[in-house]
Amino acid sequence: METTNPVHRRRPRYKGTHPTKFSEKYKELNPEKYAGTAEHVIEKGGTPAGMHIPICVKEILDFFQIQPGQVGLDTTLGYGGHTLEMLKCLKGQGHIYGLDVDPIESAKTRDRLARQGYGPEILTVIHTNFANLDQVAREHGPFQFILADLGVSSMQIDNPERGFSYHADAPLDMRMSQQGVSARDLVNGLSEQELADVIFRYGEDRNARRIARGIVEAREQQPLETTGQLAEVIKASVPAKVRRSEGHPARKTFQALRIAVNGELDRLQEGLEAAFSLLKPQGRLAVITFHSLEDRIVKTGLAAFAKGCTCPPDFPVCVCGKTPDVKLISRKPILPTAEEIAENPRARSAKLRAAEKLKPPARRA
């Protein structure tokens, strides 16, 4: 019987002593084989290429108090860091369903977790997003715990091919699902007023009108095709004092376009409304947000569910008699510790909000 030898592929070559481009960081992109490299990057306060470090893990596990045999839902699977820690708590009994709209990263995560012993008997990965929770629940719910870690994962931000970052020149895409309208379509298709509205609403940028005008003037010369082109146009459109004092001038515009392309805030509103209906009584929901627009929706939504309750947050049950739907674990968001931020600077903007679904009041005879 004839056998074929595997094709030998040479490692990526790069200039200097350390790789700089995402595609060159072959050791960071293969942490199973080069674990020491990833650990070294994390120790220095960085995030290895192709990896996402989970945030507020201890706080989430302390809140959920996961027991073997329970069924849970991670609505934003991502790299699977939170899911892995929750799977460990099940001790081989129970099930977790992980949702992710990104077909590329969700497939990688499913395979990665399977290699660690968490296969389809305890973990199911579903290609859908937060807004479709009701469809998931009809087949798999209800759940004892639900986690939503919002925002864009490090794998998407760091990979220039996805077009999320202004730090590298790449096709202007930003679609998490690889389907639908891209950032390129918006930048080259919206009117000046529409662009200004998107940048101001989703990026909260005071220079939205200047940036929109600059984009329209630039695309009249040639369409904007890459992240690098767009970043340069934005940089040239804002006053010099803004460039010096407020970080990279493209940050807020890129955030706004990403939110608009993926309909993130609409999905969040729909998903939050569905989440509590999918929890069992005494089930718990935890949501991590990364910017004020997300946090405002979550804060308002949770407060609406708990409306009327006057009990202190540390009361184990509601005793005020106003029977809210949920009990807020804390009126204020839980923030990452200083130690966690030092180890993972991307955690600095995270806010964790959590609530418990209360039992319905007992009927009187």
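## Exercises on helix packing and a crossover

In this predicted model, Thr227, Leu230, Ala231 and Ile234 of helix 10 meet Thr253, Phe254 and Leu257 of helix 12.

**Exercise 1.** Determine how the axes of helix 10 and helix 12 are placed relative to each other, and classify their orientation and the handedness of their crossing.

*Solution.* Two packed helices are described by the angle between their axes and by the distance between those axes. For helix 10 and helix 12, the axes come within 10 Å and cross at roughly 130°. Angles over 145 degrees would count as roughly antiparallel and those from 65 to 115 as roughly perpendicular, and the two helices are therefore oblique to each other. Helix 10 passes helix 12 in a right-handed crossing.

**Exercise 2.** Decide whether Thr253 is buried or exposed, and list what it touches beyond its neighbours in sequence.

*Solution.* Thr253 belongs to helix 12. Because its relative accessible area is 0%, Thr253 is buried. Once the neighbours within four places in sequence are left aside, Thr253 is in contact with Ile199, Asp205, Ile211 and Ile234. Ile234 is itself one of the buried residues of helix 10 (residues 227-237), including also Leu230 and Val233, and what covers these buried residues includes helix 7 (183-189), helix 9 (208-221) and helix 12 (251-262).

**Exercise 3.** Establish how strand 2 and strand 3 are paired, and how the chain passes from one to the other.

*Solution.* Strand 2 (residues 95-99) and strand 3 (residues 123-126) run parallel and are joined by 4 bridges. The chain leaves strand 2, passes through helix 4 (residues 103-115) and reaches strand 3, in a β-α-β crossover that is right-handed. Within the pairing, Tyr97 has Thr124 in strand 3 as its bridge partner.

Note on methods:
Residues numbered from 1 in each chain as written. Predicted model: local features only at pLDDT ≥ 70, side-chain atom pairs only at ≥ 80, totals over all residues. Heavy atoms only, no water. Buried < 20%, exposed > 50% of the residue type's maximum accessible area, 1.4 Å probe, protein only. Contact = heavy atoms within 4.5 Å. Pairing = 2+ DSSP bridges. Right-handed = clockwise from strand over helix to strand, strands pointing away. Axes fitted to C-alpha atoms, helices over the stretch in contact; angles between N-to-C directions. Parallel < 35°, antiparallel > 145°, perpendicular 65-115°, else oblique. Left-handed = near helix turned anticlockwise from the far one by under 90°.
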